[in-house]
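Trainee: I have a model open and want to learn how to read it. Where do I start?

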Amino acid sequence: MLQPATDDFQRVHRLNLAAAVALWQSGELSDNARAVAYPALSAVARCYSDDPARWSQVSDYLEIEKLMLEVGGWPITELHSGRSRQDIVASVLRMAWRTSVLDAVAAAGEVRRALFDLAASHPHAVLPAYTWGVQAQPTTLGHYLLGFSQSLARWQQRLIQTYERINQSPLGSCVLGNSLFSLDRNLLASLLGFSGPVLNSFDAVQLATVDLSAEIAGHVNTVASSMSLLYADLTAQYHHAEPWLVFIDADNVGGSSAMPQKRNPMVLSALRRQQNRMVGCAMTILLNGHNVPSGMNDCKYHEPTEAMHLATSLMRATAAMVRAIRFVPAAAKEELERDYANATDLAHVLQTKGIPFRLAHACVAALVGFARGKGIPLGEVNDAQAHRILAETLGGDHALASSVRWGDVRQAADADWVVQNRKGLGGPQRPSVEAMLRHDVQDVEDMNHWVADRTTRLAAADEELCASLLQLHKEHSV
């Protein structure tokens, strides 16, 4: 009697089955309505099975009621007792939204797993990280990619919280203030896989749709923003003659009609276009719900469903894109050595040798300036040159300058030494990266279990719904 709830016809059909059970059990259905309820609802299911392409486009309750009328006559219209299209639409939207949220949580997990796989290829290899578009400090591939994993984890957590708010039933609220019929809203919620009914019937039908739509729009904008950071970083890779994060699949890189040397990262352009569609859809949601009185239909459409579908599609495309990336450690290390990104750590080492914090930074700035002028790495500055620069920066304090043996601090000019000697929770050092990777792998597994559990609950509710109606029909037929 039930097909997967992938369209509004199937969602309305479920609402009709649930109403039949609840009204039947409450004694609100006449004997004539009880006699025709199961045959009429079964006929609706057959119509859909016979021509799903047609009926999947139908969402209006009154159009579906016409199918029931062909079998059940006027008594079947009693199934609408205590309901209206207002609470039906509000329920249908929540049913669509909760499924789209489950899909999005699962798809974000796909991206995270792709990030784990790429990170595992060279978890402790160094690469430059940037602020203001300029090299800032060295980090490791694992540290860098797990940062994006954590961003997606927060998005999944927000979606899970939203799911619990969405998964509450408006059905039985009628237009906004319930009805004179005894319609058990708790039973309706249970039959439809909701965790319970929305407490206030006015809120359920006329208010919650607006703020929940805006909440979904916010999630879509959030993931668009966080993923744009990754896309921009990868696009910037192709500004370099030797990028260290490169696409290995020719389908992701395009050439030029005039410049044979070009390697254009076309996949990133496609992802940005899809991202822009998401943001546009989210903005439409916010505008629809803006500056309208309660009871209007402006925000009672499927833009939030569409926005979540776009986000899910973007996640899956992003996962495929990440799987097509190869990391080139030598190119990353070479880029680091060309721009003195570990200067901060060299200043910290000087500080441990007795030079005050700000003076230590001034000394390293002078050393970097000297090395840059010579076109050499910091590690190639010799002892005499270093002593002279330190003494000059320290105002001629040769004693303080002499207290620092350049050979003892030169190791801080090596990015690998620097990142593996970092301190503190969440840093790029090996134990920290390995701990974060274990945590995130388990977190994705937990998220997947949550999705599977909620999916199973919805399937079980469908089974209970059909079984309840069939049992009532059999009892009536005896």
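Mentor: Start with the nonpolar core, and remember that this model is predicted. In soluble globular proteins, nonpolar side chains tend to be buried together. Here the largest nonpolar core has 67 residues.

Trainee: Which residues touch the most other members of that core?

Mentor: Met-315 and Met-321 do. As for where the members come from, helix 5 (residues 85–121) gives the largest share, with 13 residues. A separate core of 41 residues lies apart from this one. Leu-17, Ala-37, Leu-41 and Leu-465 are among its members.

Trainee: What does Met-321 touch, leaving out residues up to four places away in sequence?

Mentor: Its contacts are Leu-230, Tyr-231, Leu-234, Phe-247, Val-267, Leu-268 and Leu-271.

Trainee: Now a single residue. Is Ala-384 buried or exposed?

Mentor: Look at the relative accessible area. For Ala-384 that value is 57%, so Ala-384 is exposed, because exposed means over 50%. Ala-384 sits in helix 14 (residues 383–393).

Trainee: How many Å separate the C-alpha atoms of Ala-384 and Asn-178?

Mentor: The separation is 88 Å, and the two residues are 206 residues apart along the chain.

Trainee: Last topic, cysteines. How many disulfides does the structure hold?

Mentor: Zero. Take Cys-47, which is in no disulfide. Its nearest cysteine sulfur belongs to Cys-466, 17 Å away, while a disulfide needs sulfur atoms within 2.5 Å.

Trainee: What is the relative accessibility of Cys-47?

Mentor: It is 23%, so Cys-47 counts as partly exposed. Cys-363 has a relative accessible area of 0%, so Cys-363 is buried.

Notes: Residues numbered from 1 in each chain as written. Predicted model: local features only at pLDDT ≥ 70, side-chain atom pairs only at ≥ 80, totals over all residues. Heavy atoms only, no water. Core = buried A, V, L, I, M, F, W, Y, C linked by side-chain atoms within 4.5 Å. Buried < 20%, exposed > 50% of the residue type's maximum accessible area, 1.4 Å probe, protein only. Helix = DSSP H or I, 4+ residues; strand = E, 2+ residues; numbered from the N terminus. Contact = heavy atoms within 4.5 Å.
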